[in-house]
Amino acid sequence: MSVSIGGNQILELQTATESRNAIGERVQQWQTVHRLRGFLDLMSGTADRSDHVKLVGATHVFIADYCPLPVSAETCRAVVNGQAFDVLYLDDPMSLHDHWEIQLRQAGDDRGR
């Protein structure tokens, strides 16, 4: 019997589409393809995510219940609370289909900052 992880954060997995604007420039747009509820933490183990401290370059992990995902790490990004992350690795530990450990690197917010 598996126990649900639950969580206090929603992680949105997003994929990009590219189009051209009126003057022919390439424009990238992100669309959410899947949502997971879980916990976000710094790899160092601290949960301090103060808005006044820039954590660019810090590596995070998101832990969530297992479910099939419609993306691979190479084809998506993650957004949690408006903060964008590069998805480095989608880990299903030992292929037990019990939970995800999603390795993230902070990239900017959903507006590209």
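A trainee and a mentor go through a predicted model of a protein.

Trainee: How many helices and strands are there in the protein?
Mentor: Read along the sequence, the pattern is β-β-β-β-β-β. The count is therefore zero helices and six strands.

Trainee: What share of the residues in the protein is buried?
Mentor: A residue counts as buried when its relative accessible area is under 20%. The protein has 113 residues. The buried share of them is 33%.

Trainee: Which residues of strand β4 are buried on each of its faces?
Mentor: Strand β4 covers residues 77-80, and both of its faces are covered. On one side the buried residues are R77 and V79. On the other side they are A78 and V80.

Trainee: Which residues stand opposite A78 in the paired strands?
Mentor: Strand β4 pairs with strand β1 (residues 9-20) in the antiparallel sense, over four bridges. Four bridges also join β4 to β5 (residues 83-91), and these two strands run antiparallel. The bridge partner of A78 on the β1 pairing is L13, and in β5 A78 stands opposite F85.

Trainee: Which residue in the hairpin of β4 and β5 takes a positive phi?
Mentor: Two residues lie between the strands of this hairpin. The positive phi is near 50°, and the residue that takes it is N81.

Trainee: Is R77 buried or exposed, and which side chain does its own side chain contact?
Mentor: R77 is found in strand β4. Its relative accessibility is 11%, and because the cut-off for buried is under 20%, R77 counts as buried. The side chain of R77 makes a polar contact at 2.7 Å, and the partner is the side chain of Q14.

Trainee: How are the rings of Y66 and W100 arranged?
Mentor: The protein has one aromatic pair. The ring centres of Y66 and W100 are 5.0 Å apart and their planes are at 25°. Planes under 30 degrees apart count as stacked, so this pair is stacked.

Trainee: How far apart in sequence are the parts that this pair ties together?
Mentor: Y66 lies in the loop between β3 (59-65) and β4, while W100 lies in strand β6 (residues 99-109). The pair therefore ties together parts whose separation in sequence is 34 residues.

Trainee: Are Y66 and W100 buried or partly exposed?
Mentor: Y66 has a relative accessible area of 26%, so Y66 is partly exposed. W100 has a relative accessible area of 9%, so W100 is buried.

Notes. Residues numbered from 1 in each chain as written. Predicted model: local features only at pLDDT ≥ 70, side-chain atom pairs only at ≥ 80, totals over all residues. Heavy atoms only, no water. Buried < 20%, exposed > 50% of the residue type's maximum accessible area, 1.4 Å probe, protein only. Pairing = 2+ DSSP bridges. Polar contact = N/O pair within 3.5 Å; in protein donor to acceptor, adjacent residues only side chain to side chain. Phe/Tyr/Trp six-rings, centres within 6.5 Å; stacked < 30°, edge-to-face > 60°.
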